[in-house]
Amino acid sequence: MDWYIGEEWNDMGRGLHKKVLSLQFQNLEKPLANSTVVFHINKPVEHLGERPSKYLGRNEIQQHTMDMGTALTPIDCYLELLLQQFLPGETSACSIQTKAGERINFELKLERIISNTQVEKLNAAEIYSLALRYKENGVSMFKMYPKFAFDYFSRSAKLLISYKPFDKLDKIENGIDGSELETLFVQIQTNLAACLLQEKRYEHVIYHTEFVKTLSNPSEKSIYRRAMAFYYLKEFEKAQQTIERVPNYEEKREFAKLRENIAASWKNSNANYKQVVQRMFS
């Protein structure tokens, strides 16, 4: 194995490790982020516990087919990353370190790569389909695994950005109309805003919801998340103006409550400012 440069691989940030045990050489092609592969689990998985996985059952020793970019649990997301470091015919001992410091150990063999299309070679319609899959995966993972959802939304947005400006796309020439990509891109930005609100990255929420200012009929979710970001940044006037873009917002509980909070915080902020000024000149 001395000739094989990739004998050992680590991703310290994610706690991933792979050590090559054997290689029945086929070629130097590794799976890409859009590949379909066949792999085999050689031994029962250790320390998986109750963590969900479509592939790594605790006592399963069997063959699986995987479409990259379809994982809906953290374990399977990490498994995809590990397999992207394999060569066909390679058997490796792998591990995933948990937040508690425990290592999930398993042994895999990449049997073969069924398809291995580079993203750069996809046309606009294919890019749309892949971006939509990532977006839907992110929505599925948001409640339980928001950081993984954010990763999916980010990957989706990066795919679509490469086709901006969308109005240059034509259905006859590109297989899809630019308005479809524009609509999906706005949905993804709205989803990114939800993730960023959780992380209190309010300036980034404002950036990702800039479209609210220009769209004639933005979604209520995008308006609400943008108003929330302005509220937490104490830009109360902008928060109020954003809320008031929603027709009959007073009749919608969440919007009405946020509007009340904005008004109360704005009033307190003005009162505090007056007290500071009075103390300065008293």
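## Sheet, cores and pocket of a predicted model

Strand β3 (residues 36-41) pairs with strand β6 (residues 103-115) in the antiparallel sense, over six bridges. Two strands count as paired if DSSP finds at least two bridges between them; helices (H or I, at least four residues) and strands (E, at least two) are DSSP runs numbered from the N terminus. The structure is a predicted model, in which local features need pLDDT of at least 70 and side-chain atom pairs count only at pLDDT 80 or more, while totals for chains, interfaces and linings use all residues. Residues are numbered from 1 along each chain as its sequence is written, and side-chain values use heavy atoms, with hydrogens and water left out.

The β3 and β6 pair belongs to an open sheet of six strands with antiparallel pairing, in the order β1-β2-β5-β6-β3-β4. At the edges stand β1 (8-11) and β4 (63-67); each has a single partner strand, so one side of each is left without a neighbour in the sheet. Direction ignored, neighbouring strands are turned by 30° against each other on average, as judged from axes that are lines fitted to C-alpha atoms.

Three antiparallel pairs are set out below.

| Strand pair | Bridges |
|---|---|
| β3 and β6 | six |
| β5 (residues 90-97) and β6 | seven |
| β1 and β2 (residues 16-23) | four |

Individual residues mark these pairings. Phe 39 stands opposite Leu 110 in β6, Ser 95 opposite Asn 105 in β6, and Asp 11 opposite Leu 16 in β2. The hairpin of β5 and β6 has five residues between the strands, and Gly 101 there takes a positive phi near 95°.

Phe 39 also appears in the largest nonpolar core, which has 49 residues; Phe 39, Leu 56, Leu 79, Leu 83, Phe 106, Leu 108 and Leu 160 have the most contacts inside it. Such a core is a set of buried Ala, Val, Leu, Ile, Met, Phe, Trp, Tyr and Cys residues joined through side-chain atoms within 4.5 Å, where buried means under 20% relative accessible area with a 1.4 Å probe, protein chains only. Two or more residues come from each of β3, α1 (74-83), β5, β6, α2 (124-142), α3 (146-161) and α5 (178-198). Apart from this core lies another, of 23 residues, among them Val 186, Ala 193, Ala 229 and Tyr 231.

Leu 108 touches (heavy atoms within 4.5 Å) residues including Phe 39, Leu 56, Leu 79 and Leu 83, not counting residues up to four places away in sequence.

Key. Buried means under 20% relative accessible area, exposed over 50%, partly exposed in between (1.4 Å probe, protein chains only). Axes are lines fitted to C-alpha atoms, for helices over the stretch in contact, and angles run from 0 to 180 degrees between N-to-C directions.
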